[in-house]
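I opened this notebook to record what I looked up on the surface of the model and among its charged side chains. The entries follow in the order in which I made them.

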Amino acid sequence: DLSGIMKLLKNAELIKEGSDNGSSNDCRGHQITQEGFQFLLKDVYSQLWIVIKEFLKYGETQKEAGFDKLKILQFLFHLGYCKVGKAYP
């Protein structure tokens, strides 16, 4: 869901609402922040951990929506032990 991703990026302060002056920096009403630019310069593993941490932090505020932090963490740890190209049940 794109709206969920946008909320995650806003909460992480990687993007912000764009200005109303129609500048060329606007992309569908959003602008990249200084933190967002620094995020793009990081290696892919650092980016992934930032997104995972923000996802878990965002989930803390969404408990009433059925977000189960423990199941997400179990899935991530299980995923860490998986081998690429091997089928798992």
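Entry 1, nonpolar patch. I worked from a predicted model. I found a nonpolar patch on the surface, formed by I32, F37, L40 and L41. Together these residues have about 410 Å² of accessible area.

I then asked which helix gives the patch its largest share. Helix α2, residues 34-41, contributes three residues, the largest share. I looked up L40, which lies in helix α2. Its relative accessible area is 52%, so L40 counts as exposed, the cut-off being over 50%.

Entry 2, salt bridges. I next asked how many salt bridges the structure holds. The structure holds two.

Entry 3, K10 and E17. I noted a salt bridge between the side chains of K10 and E17, at 2.5 Å from N to O. K10 is partly exposed, with a relative accessible area of 33%. E17 is also partly exposed, at 48%.

Entry 4, E54 and K57. I recorded the other salt bridge between the side chains of E54 and K57, with an N to O distance of 3.2 Å. Where do E54 and K57 stand in relation to each other in helix α3? They are three residues apart in this helix, which spans residues 44-60, and are therefore separated by about one helical turn.

I also asked whether E54 is buried or exposed. E54 is buried, with a relative accessible area of 14%, whereas K57 is exposed, at 52%. I therefore logged this salt bridge as joining a buried residue, E54, to an exposed one, K57.

Key: Residues are numbered from 1 along each chain as its sequence is written. This is a predicted model: local features need pLDDT of at least 70, side-chain atom pairs count only at pLDDT 80 or more; totals for chains, interfaces and linings use all residues. Side-chain values use heavy atoms; hydrogens and water are left out. Patches are made of residues with over 30% relative accessible area and no salt bridge: like charges are joined within 9 Å, nonpolar side chains (Val, Leu, Ile, Met, Phe, Trp, Tyr) within 5 Å. Accessible areas come from the Shrake-Rupley method with a 1.4 Å probe; for residues, only the protein chains shown count as cover. Helices (H or I, at least four residues) and strands (E, at least two) are DSSP runs, numbered from the N terminus. Buried means under 20% relative accessible area, exposed over 50%, partly exposed in between (1.4 Å probe, protein chains only).
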